[in-house]
Amino acid sequence: MRKRYILFAIRDCRAVQGVLCDLETSGRCIVRVVSNGDAVIDSVRRTVPDVLVVDSVLPHLDGLGVIDRLHTLLGERMPRVIGGVMMPFAAEGFRRRGVQRLLRVPWEAEPLREAVEAVLHELDTQVDWARVGAGSASAERLLEQIGMKRTLRGFSYLSWAAALVWDDETRLCAIGERLYQPIAARYDTTPQSVERLIRHALESTMDAVGAHNVYGFFGNTIDPTRGKPTNAQMIGMLAQRMRVLREPAMQA
């Protein structure tokens, strides 16, 4: 999982210095702090942050002006924004500009920490479906080679799960939240249904072609006493095979 870049545009960071230090020392984030609106624009021209924490009141260019300039500059590449407000009109101004996460200024450490963690969680669990699409197509070809039928509802779920792990193997560490949940949202179903239907597709295929044939396909040592792989094991084996193949379509 790549590091997230967080740009703080705040007038006084003394109250939240501990939060800034914790974010940077965690290894998850690159943190930069600026103290005026013009510096935000200059910084974003060089590198677009994943998250912008911005005071409504800043020297040179205020927080609302910063958001307006960034919308013009970045369009759909806008970062997630956490706005700091003192007055109701500033809160309304941020909301009209699409900023949903607002905190009271002066900044307080714990509310800021919680807001940043929530945004980072959203970023870590979101999916670039266009990027993983080629991986899904490759996973489908592998599943057909194994003998899994496309008519099984779990076929598509399993191919997307393998593509997601091919794209980011850390997703296997939180399979329910970072695999089943996004697939469920894509298909308007539940994570429990995704898990169940992947399991059904896997067991149906194992019964049809034999577990030893499936393990053999992935180059695993064949053990007659070996049971059926778990969902996570199957997804991991598919993703690993996809990496080994390094198909041109997957490099797009």
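This briefing covers a β-sheet and the helices packed around it and elsewhere in the chain. The model is predicted. Five strands form an open sheet, and their pairing is parallel. Helix H5 lies across E1, E2, E3, E4 and E5. Three helix pairs are described below: H1 with H5, H2 with H3, and H7 with H11.

**The sheet**

- The strand order is E2-E1-E3-E4-E5.
- E2 and strand E5 (101-104) are the edge strands, and each of them pairs on one side only.
- From one strand to the next, the twist averages 15°.
- Strand E1 (residues 4-9) and strand E2 (residues 29-34) run parallel and are joined by six bridges.
- Phe-8 has Val-33 in E2 as its bridge partner.
- Ala-9 stands opposite Val-34 in E2.
- E1 and E2 also belong to a β-α-β unit, together with helix H1 (residues 17-25). This unit is right-handed.

**Helices across the sheet**

- Helix H4 (residues 88-96) lies across strand E3 (51-55), strand E4 (80-85) and E5. H4 runs at about 165° to E4.
- Helix H5 (residues 109-125) runs at about 170° to E5.

**H1 and H5**

- The axes of H1 and H5 are 9 Å apart, and the two helices pack at an angle of about 30°.
- An angle under 35 degrees counts as roughly parallel, so H1 and H5 are roughly parallel to each other.
- H1 brings Val-19, Asp-22 and Leu-23 to the contact. H5 brings Ala-109, Arg-113, Val-116, Glu-117 and Leu-120.
- The contact of H1 with H5 has five nonpolar and three charged residues, and no polar ones.

**H2 and H3**

- Helix H2 (residues 37-46) and helix H3 (residues 63-74) cross at roughly 20°. Their axes come within 10 Å.
- That angle makes H2 roughly parallel to H3.
- The crossing of H2 past H3 is right-handed.
- On the H2 side, the contact is made by Gly-37, Val-40, Ile-41, Val-44 and Arg-45. On the H3 side, Val-66, Arg-69, Leu-70, Leu-73 and Leu-74 take part.
- By class, the contact of H2 with H3 has seven nonpolar residues, one polar and two charged.

**H7 and H11**

- Helix H7 (residues 153-167) packs against helix H11 (residues 231-245) at an angle of about 60°. Their axes lie 8 Å apart.
- That angle makes H7 oblique to H11.
- H7 and H11 cross in a right-handed way.
- From H7, the contact residues are Leu-158, Ala-161, Ala-162, Ala-163, Val-165 and Trp-166.
- From H11, they are Met-234, Ile-235, Leu-238, Ala-239, Met-242 and Arg-243.
- The contact of H7 with H11 has 11 nonpolar residues, no polar and one charged.

Definitions and conventions
Residues numbered from 1 in each chain as written. Predicted model: local features only at pLDDT ≥ 70, side-chain atom pairs only at ≥ 80, totals over all residues. Heavy atoms only, no water. Axes fitted to C-alpha atoms, helices over the stretch in contact; angles between N-to-C directions. Helix = DSSP H or I, 4+ residues; strand = E, 2+ residues; numbered from the N terminus. Parallel < 35°, antiparallel > 145°, perpendicular 65-115°, else oblique. Left-handed = near helix turned anticlockwise from the far one by under 90°. Contact = heavy atoms within 4.5 Å. Nonpolar A, V, L, I, M, F, W, Y, C, P; charged D, E, K, R; others polar. Pairing = 2+ DSSP bridges. Right-handed = clockwise from strand over helix to strand, strands pointing away.
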